[in-house]
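Colleague: Please take one part of this model, the sheet, and go through it closely. After that, tell me what packs around it and which loop residues I should look at.

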Amino acid sequence: MNSVSIGFSRPKTWKPLAWLIMLVEGTEYSHVFVTWHCSNINRRKIFEAVGSGIRILSNVNFKKHAEVVELYSFQVTDDQLLDIEQSAHDMTGRPYGYKALVGLGIMRTFNFINRLFGIKGHQHNPFKDGDYSQICVEAAGMVLSKFIELPNNIEDYGLLKINSISQIGEKANQEKLDRINGKVSKKN
């Protein structure tokens, strides 16, 4: 068995888009990523969607700019990990879904108005583009879909939805998060 983790992070320095995402979503994090250890090269990989597009990078470079807030681990078979690796590799280089991000904002606004005035129905992301581009939530959803069945369309997911699904995994404790983030705990 292999371990694949879904992580939630925020930038170490203030970034306006990350701040806005945390404000709108009401979270302590602005980003979701996927990580696993690649035994072929003996390195931990990070798979994510960022402004420059879909990419795979080293854990070391990722941690220079991000603070991990939550992390959930899942056990997957060798075949599932191979499928994840192949899918992540095939997605690398695709553009970031800026329109999808705007669409999530529109969706959130209309759904808020619907709740406020008691209007039935649920708005979906109006800027779905299938596999053409992804935001971080879609990229993480693609990985999760390799080993669990996901409800609805991942192009409608926000950070809270992907987080609630990820919580079926094993949650990392604060001590592990501190180690990941390079924080030394002080002992008496």
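Modeller: Pro-11 stands opposite Ala-66 in β5. That pair belongs to the pairing of strand β1 (residues 2–11) with strand β5 (residues 66–76), which is antiparallel and runs over 10 bridges. Another pair to locate is Ser-9, which faces Val-68 in β5. Keep in mind throughout that this is a predicted model.

On its other side, β5 is joined to β6 by 2 bridges, again antiparallel. Here Tyr-72 is the residue opposite Lys-171 in β6. Of the 11 residues of β5, 10 are buried, so the rest of the structure largely encloses this strand.

The whole sheet is open and has 6 strands, in the order β4-β3-β2-β1-β5-β6, with antiparallel pairing. At its edges are β4 (53–58) and β6 (170–171), each of which pairs on one side only.

Next, the helices. Helix α3 (78–91) lies across β1, β2 (31–38), β3 (43–50), β4 and β5. Its direction makes an angle of about 125 degrees with β2. Ser-87 is one residue of α3. Ser-87 has a relative accessible area of 14%, under the 20% limit, and therefore counts as buried. Not counting residues up to four places away in sequence, Ser-87 touches Met-142 and Lys-146. With Lys-146 there is a polar contact between the two side chains, at 3.1 Å.

Met-142 leads to α5, where it is one of the buried residues, along with Cys-136, Val-137, Glu-138, Ala-139, Ala-140, Gly-141, Val-143 and Leu-144. Since 9 of the 9 residues of α5 are buried, this helix is largely enclosed by the rest of the structure.

Helix α5 (136–144) is also among the elements that cover the buried residues of α4. Those residues of α4 are Ala-100, Gly-103, Leu-104, Met-107, Asn-111 and Asn-114. Seen down the helix axis, they fall within an arc of 105 degrees, so they line one face of α4. The general rule is that an α-helix has 3.6 residues a turn, so residues three or four places apart point the same way. The length of α4 can be checked too: its 19 residues (98–116) should span 27 Å at 1.5 Å a residue, and the C-alpha atoms at its ends are 27 Å apart, which agrees. Just after α4 comes Gly-118, with a positive phi of about 70 degrees.

Helix α4 in turn is part of what covers the buried residues of α1, together with β1 and α6 (159–166). In α1 (residues 16–25) the buried residues are Ala-18, Ile-21, Met-22 and Glu-25. They cover an arc of only 95 degrees around the axis, which puts them on the same side of α1. Pro-16 and Leu-23, on the other side of α1, are exposed. Just after this helix, Gly-26 has a positive phi of about 70 degrees.

That leaves the loops. Tyr-96 is in the one between α3 and α4. At 12% relative accessible area, Tyr-96 is buried. Leaving out residues up to four places away in sequence, its contacts are Ala-49, Val-50, Gly-51, Gly-53, Leu-101, Ser-133, Gln-134, Ile-135 and Cys-136. For a sense of distance, Tyr-96 and Ser-164 are 68 residues apart in sequence and 23 Å apart in space, C-alpha to C-alpha.

Two asparagines deserve a look for their backbone angles. Most residues other than glycine have a negative phi. Asn-42, in the loop between β2 and β3, has a positive phi near 55 degrees. Asn-42 is exposed, with a relative accessible area of 52%. Asn-152 is placed in the loop between α5 and α6. Its phi is also positive, about 60 degrees, although Asn-152 is not a glycine. At 66% relative accessibility, Asn-152 is exposed.

To return to the sheet: its strands are ordered β4-β3-β2-β1-β5-β6, α3 lies across β1, β2, β3, β4 and β5, and β1 is among the elements covering the buried residues of α1.

How values were computed: Residues numbered from 1 in each chain as written. Predicted model: local features only at pLDDT ≥ 70, side-chain atom pairs only at ≥ 80, totals over all residues. Heavy atoms only, no water. Helix = DSSP H or I, 4+ residues; strand = E, 2+ residues; numbered from the N terminus. Expected span 1.5 Å × (residues − 1). Buried < 20%, exposed > 50% of the residue type's maximum accessible area, 1.4 Å probe, protein only. Arc of directions from axis to C-beta. Contact = heavy atoms within 4.5 Å. Pairing = 2+ DSSP bridges. Axes fitted to C-alpha atoms, helices over the stretch in contact; angles between N-to-C directions. Polar contact = N/O pair within 3.5 Å; in protein donor to acceptor, adjacent residues only side chain to side chain.
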